[in-house]
Structure formats: C-alpha cells, structure tokens
Amino acid sequence: MSRKASGNSGWHTETTAVHAGESVDPATRASSPNLVMSVTFAPEAVTGFSARDEQGYEGFIYSRVGSPTVAQLEAKLAALEGGEAALCFASGVAAAHALICGRLGRGDHLIVPDANYVGIAELTRDTLPRFGIEVSFVDMSRPEEVAAAIRPATRMLWLETPANPTMKLCDIAALAQLAHERGVRDVAVDSTYATPIATRPLQLAADFVVHSLTKYIGGHGDAMGGAVIGRKADIDALNLEATVHFGGVLSPFNAWLILRGAATLPIRMRAHEEAAFKVARFLEEHPAVSRVFYPGLPSHPQHALARRQMRNFSGMMTFQTRRPGPELAADMVRRLEIIHYAVSLGHHRSLVYWIGTDDIQASTYRHDATQLRRYRDYAGDGVFRLSVGIENPDDLIADLSRVL
Ligand SMILES: *Cc1c(COP(=O)(O)O)cnc(C)c1O
C-alpha cells in the first residue's frame, strides 16, 4: 500500500465512502482496516533518516511522517472530496494552523471571513499577526469587498461556508475565480458544515479544503481530528513542513474510528438533512421562535446560493426565540431528554448550544466595530446552534416542544 494513495476512484459517493483507501490486508486477509499503532517501521533495506529522504519512499518509517491507518483515512478523504491527496491532523484547528502557517510567512497577507468559526477567528486575529502575517476580515457575501481587500502580498483567501455559527454562506466559485484572477495563490475552504456530500470546493476551483473530522466525517463525537485536501504536490510539501515540523499528527486510533465513521457519511448526511428539514419547519412555525436560519428553507437569506452550491443542506441550523436565550438555555440544560445541551456538532446525537453575541464580542470581535455590527445583523443578541442528529425527528420535536 502506498502512503498517499490517489483520490480518484470513479465510484459513486456511497461506494467511495465505504471502500476508498481500504483494501483486504495481504498478510491476514482481514476485510476491515487494520489499526496499526506502531510508531516505527522496519524497512526491507537501508533507507535515509530525515523526512526529506522519505519523500518518494513508498513505505513507512516513523509515524509522525506517515502511518498506515492514517494513510487509509487520507486516501478515503481525498476520494470523497475529489482531490489528489489529503493530510490528517490532530484536530480541525491543527489542520487550519498547519495549512496557514505551512503556506504563509512574514509579510504575507491573509483574508478571512468577518464572522467564522471562533477558534480560527482567534487564531487569525490574535496569533498570526505576532508572526508577521497580516490578516483582513471581510464579509465574504460581498465580492466587491473581497476584491477591495486584495493586495499584492495577499497569499490566501480563507472561506467558511456555511459559517459556524451564523449560517452565512459564500459563493466559492465566484470568490475563487476573483481571487485567482487577482493573483491570490491559495483559496482554502473550511467545509466542515457542508461535508463533501453537500459541496466539493475543489471542483469549484478552491485549492484546499479543510475539515474538522471531529464533526460530520467522524460523526460520532468520540474522536478529534482534522484534514487538509488538495493537489498532491501541495499536500506533499505540507506533509514535509507542517506535520513533520509542527507535529500535530492524528493518532492512528482516532484515524481508525474516523475511517469507520466516514464509511456511513453519505447515508448519515441524508438522515441529518431529512430530520433537519422537519425540525426547521417545526421551529419556523412555533410561536416561541422568532427566526430560523437553515439553508434548505426559502427563508434563509441566501437560499438561492444554497440551492446552487449545496447538494445536501446538512443538519446545522440556528434559531432565535422570543424568550431571552440564556433563560431558555438554562431550561434546556435541565429539561431536554434527548438533545444534549453541549458544544460540538455533526454527531449522530443531536446537540444544542446558546451562543450569545456578547460572549462572541468578548472573545472574538471586540476590536472591530464593523465586524461586530455585521455579526449582530445576522445573529442579533445571539443564536441557539442546533446540530440535528439522526434520531427520529418526531422525538426531537417533542423534546424541543418541552422547553420552548
Ligand atoms: C469545530 C470546527 C473547527 C475546529 O475543529 P476542531 O476539530 O474542534 O479543532 C473548525 N471549523 C469549523 C467550521 C468547526 O465547526
């Protein structure tokens, strides 16, 4: 088995999810993927010592550089995204950090969304400038503002769609074209909410896709991981620089769990979407609910873009209520019987969490009044983020009815 198998299988998505990256083990004829925990590998002949020597070597040497169970997951992810290669990391944030710091350096400029996943928002706002990377925060739903933000030093445009937690979308194809035409080398898309079942950013001219595997792809809330998918030459370079030097590699055990989760991703996404539609329509009609943001509903402000760009509307939504959020959240903690009041998302189990704009303001957007105003335009004083699981939606509706 080669370390970085190619991603293009030509199978349908359901078949790719089950079989890509996996094969019968030649030694034991085991049908399921082996969990290989070994850190080191005994080569059949003398090889080099550094990671550089290992590039081009088809076997494994040391598991920070490459490891068989992780490589199986990487091949499956590349196939699911229609990319040439993938590289896994210990978490979604480790993947984001590796990609940005593996591609950018002092004096380079990065454009990120004005409201995106809080961990990456804080990384780009607080940490990167200390290393000389300049960052601009732009409303990605306004291409003219993206165009105006591009400078000669702009090396990367970072997109997230749908965004966590606002559910704001951006047009990947239009923004990738705009960025490339103006000389921006890299367009990266955090596609954690969409998954490859909904959107394939590489086919829309993005250069990299980033996932928190902790969410839908792992899907069961028991393993943290992250991945970057892209062209083989770029992924090999990132492997050499980011995994080998930064060291945030995925554990083989987590890779094995995530492989198992990824096999059912297509059918889980269908179940998530079906249940989410039912729950979203219930919430939209409920007198205690003032607003629902779900890309599948015509009421979503970017529903037309969602229909164009998403083949599955996923299980993520936010809603706002007439009662103050913190008060209802306290009720949820005490009285919900099925849905867990907890962070994270994309698990088979439904999760809900109150995300108050004041909290976001305190941690993330306090420096920029425009950013905060735009966040508030979308999210008001705050939103309940609901990750609809694969339980029967009627039971979820009964659970929500109890507290609303
Ligand atoms: C959770 C999440 C991340 C970070 O992933 P971790 O696995 O928690 O490090 C990045 N982007 C989005 C959109 C997320 O939801």
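**Close-up views of a predicted model**

**View 1. The loop around Pro165.** Pro165 is found in the loop between S4 and H7, that is, between strand S4 (154–160) and helix H7 (172–181), where helices (H or I, at least four residues) and strands (E, at least two) are DSSP runs numbered from the N terminus. The peptide bond from Asn164 to Pro165 is cis, with omega near 0 degrees, and the bond from Thr161 to Pro162 is also cis, with omega near -15 degrees. Met167, which lies in the loop between S4 and H7, has a positive phi of about 70 degrees although it is not a glycine. Most residues other than glycine have a negative phi, and most peptide bonds are trans.

**View 2. Polar contacts of the ligand.** An oxygen atom of the ligand is 2.8 Å from an N or O atom in the side chain of Ser212, and an oxygen atom of the ligand is 2.9 Å from an N or O atom in the side chain of Lys215; a polar contact is a pair of N or O atoms within 3.5 Å, and within protein one must be able to donate a hydrogen and the other to accept it, with residues adjacent in sequence counting only if both atoms are side-chain atoms. At Val93, a polar backbone atom is 2.9 Å from an oxygen atom of the ligand.

**Notes.** This is a predicted model, in which local features need pLDDT of at least 70 and side-chain atom pairs count only at pLDDT 80 or more, whereas totals for chains, interfaces and linings use all residues. Residues are numbered from 1 along each chain as its sequence is written, and side-chain values use heavy atoms, with hydrogens and water left out.
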